[in-house]
Each structure stands twice: as structure tokens, then as C-alpha cells.
Amino acid sequence: MGLGELAAISAAVVWAFSTLLYKTFSHHLSPMQLNVSKGLLATSMMVLVIVLTGDFNIPQHTHAWLWLIASGVIGIAIGDSAYFGALRNIGPARTLVIESLAPALAGILNIILLGHFLSLLAWLGIIVTSVGVVIAISPQQNLQPVDKRHYFIGVSLALLAALCQATGMVMSKGAMNTESMSSLWAALIRLVSGTLSVALVVAIIKYSDLYQAVRLKGIENKHWLLVAVFFGTFIGLWLQLASVKYTDPAIAQTIFATAPLIVMTIGFVKREPVSTKMIFGGLLALVGVGILLAN
């Protein structure tokens, strides 16, 4: 297992655990407010680590900066906003299934933007993993019906989110290919550009919402939010950029996509009901990841 794959697996694990914490704050802040809050907190943590470690390996080339800024705006600002919009319109089950297209999209964009082709064995691993994840996270019962308008909007937003996430990963790889840089600096530039974009939109829509997101006024158990931000955004984003630095973005995105399976495993440990389809899909996804690691 290479450094990139190990970083991707670690990122999936910390994202899965932090997701469980983030859910508790969804009724206090809107999705865009939460996006701004976690972005500001994680930025502060990254800056602190840079100062303490003396890591000043900042990108020097303009192209690297452009790649990272575009990656943050597309992947974090637009991608996350589209994802939250999809959740509101068609719910998490349909959204997560469509999100499973991200690894394949990353592979295609890797060819178009960077001219890098994956081996047939790697594509097999991506397909097997994606199918396994889709089977595991697909709805276990009939979903609540959605009218045509909301269904069209939700599916469109979910597809946009998958495309933006894949594009963000590939653009980050493009920046890494431009010059040798610190993964922490790459994560910081990407996070700041995405957070500022979302903050600007929130300020335009309703300035008081931005003020609440910055001050976290009226939010209880803030220490748990700090824990979620530390692991999910600070450590998680850092690991994501490290994985992209040392492996192909399509492979990294495929491993990230297994995070919902980790959430299901946590639920299993907590004795939540687990279906045969979830077990089969999880095992199939593990086989796919095994193929990727063997490749």
C-alpha cells in the first residue's frame, strides 16, 4: 500500500467519524453557514500548524495557485452547496447513490485535464468498488415520493456535486504536478478559496447569517464542533490532498467513496440493523479497494 492509498483510507475514516458529529449541528446552522464555520475554524488550525512547524513551502508558480483556487471554488463552494441542495430535494439515499459516480468522473477528467490514463486493473477496481457502494447505500425500503420538479432539481444538483468533487480532486493533482509543495499549504489554499466563496454568497443573501456563522452565537456544545472540524475538515482535507499528491485522483476518490460503509460499520457496532444487501455491498466494495491496492 502506497502513501497515497493509506492517506485516502485515513481520510475516509476521519470523514466518517466527523460526519456523525456534524449531524448534531445541522439544526443550529444552515448548510452554507456550517460550511463557513468549519472552513474558518479549520483555516485557523492549519495556519497555527504552519507557524508551529515552520512549514513555509508555499507554492511559487502562478499555475499551481490557479489550480488550487479553482479546485476550492469548484469542489468546496459549488460542490458542497450542490450536495446540500440535493439532500434537501431528493434526500440522502438518492443523493449518495448518484455521488458514487464521482470516482469514474475523476478518472475521465484525469484523462481530459491531465492526460493521464489508468490501467484496466485500476478501472476494474473503481467499477467494483462503486457498484459495491451503490448496493450497500441504496434505499432499503420504498422512498417517500418526490414531485417531478424537486426530483429533477435534486438529481441535477447531485450530478453537479459529483462532477465538482471529481473536478476538484483532479485540479488539486494538477497543482501538485506543477511543482513540489506542502500538502498542508495546498489544503489551506483550497479551503480558504472555497470558504471565502461561500461566505460571500451568505453575506449577499443575509449578512446576519454570516455573522452567526462567524461568531457561532447560540450554538451549544461547541467543543464537539471543534472536534468534528479538527478531524473531518482539518485532518481530513489535509489527508485528501496528501493522497492526491501520491496517487491518482480517481483512485483516491474511489477510496473516499467508501466512507458511508465506515458509517454503516459504526452503526453495526452500535447494534443498529444491518441488511444482507448492506453486507454484500460492503464486501464487494472491499474487494474493489483490494484490486486498487494490488494495482
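These legends describe close-up views of a predicted model.

**View 1. Helices α2 and α7 packed against each other.**
Two packed helices are described by the angle between their axes and the distance between the axes. Here helix α2 covers residues 31-53 and helix α7 covers residues 183-205. Their axes come within 9 Å and cross at roughly 150°. Angles over 145 degrees count as roughly antiparallel, so α2 is roughly antiparallel to α7. The crossing of the two helices is left-handed. On the α2 side, the contact is made by M32, N35, V36, G39, L40, A42, T43, M46, V47, V49 and I50. On the α7 side, the residues are L184, W185, A187, L188, L191, V192, T195, V198, A199, V201 and V202. Sorted by class, the residues of this contact are 18 nonpolar and 4 polar, with no charged residue among them.

**View 2. T43 of helix α2 and its contacts.**
T43 is found in helix α2. Is T43 buried or exposed? Its relative accessibility is 17%, and T43 therefore counts as buried, since buried means under 20%. Leaving aside neighbours within four places in sequence, T43 is in contact with L188, L191 and V192. These three residues are among those through which α7 meets α2.

**View 3. L184 of helix α7 and its contacts.**
L184 is found in helix α7. With a relative accessible area of 1%, L184 is buried. Which residues does L184 touch, not counting those up to four places away in sequence? They are M46, V49, I50, D55, F234 and W238. Of these, M46, V49 and I50 are among the α2 residues that meet α7. F234 and W238 belong to one aromatic cluster, together with F230 and F231. L184 and S71 are 113 residues apart in sequence and 15 Å apart in space, C-alpha to C-alpha.

**View 4. The aromatic cluster of F230, F231, F234 and W238.**
A pair of aromatic rings is described by the distance of the centres and the angle of the planes. How many aromatic pairs are counted? The count comes to 3. In one of them, the rings of F230 and F231 have their centres 5.0 Å apart and their planes at 90°. Plane angles over 60 degrees count as edge-to-face, so the pair of F230 and F231 is edge-to-face. The rings of F230 and F234 have their centres 5.4 Å apart, and because their planes are at 50° this pair is tilted. F230 and F234 both lie in helix α9, which covers residues 222-246. They are 4 residues apart, about one turn of the helix. F230 is partly exposed, with a relative accessible area of 32%. F231 also counts as partly exposed, at 39% relative accessibility. F234, in contrast, is buried, with a relative accessible area of 3%.

**View 5. Helices α4 and α5.**
Helix α4 covers residues 102-114, and helix α5 covers residues 120-137. Their axes come within 9 Å and cross at roughly 155°. That angle makes α4 roughly antiparallel to α5. P103, A104, G107 and I108 of α4 make the contact with W123, I126 and S130 of α5. The contact has 5 nonpolar and 2 polar residues, and no charged residues.

**View 6. Helices α6 and α10.**
Helix α6 spans residues 148-178, and helix α10 spans residues 249-256. The axes come within 9 Å and cross at roughly 135°. How are α6 and α10 oriented to each other? They are oblique to each other. α6 passes α10 in a right-handed crossing. The contact joins Q165, A166, M169, V170 and K173 in α6 to P249, Q253 and F256 in α10. By class, there are 5 nonpolar, 2 polar and 1 charged residues in this contact.

**View 7. I74 of helix α3 and its contacts.**
I74 lies in helix α3, which covers residues 62-99. At a relative accessible area of 22%, I74 is partly exposed. I74 touches G79, C164, T167 and M171, not counting residues up to four places away in sequence. I74 and M169 are 95 residues apart in sequence, and their C-alpha atoms are 9.8 Å apart in space. M169 is one of the α6 residues that meet α10.

Terms used:
Residues numbered from 1 in each chain as written. Predicted model: local features only at pLDDT ≥ 70, side-chain atom pairs only at ≥ 80, totals over all residues. Heavy atoms only, no water. Axes fitted to C-alpha atoms, helices over the stretch in contact; angles between N-to-C directions. Parallel < 35°, antiparallel > 145°, perpendicular 65-115°, else oblique. Left-handed = near helix turned anticlockwise from the far one by under 90°. Contact = heavy atoms within 4.5 Å. Nonpolar A, V, L, I, M, F, W, Y, C, P; charged D, E, K, R; others polar. Phe/Tyr/Trp six-rings, centres within 6.5 Å; stacked < 30°, edge-to-face > 60°. Buried < 20%, exposed > 50% of the residue type's maximum accessible area, 1.4 Å probe, protein only.
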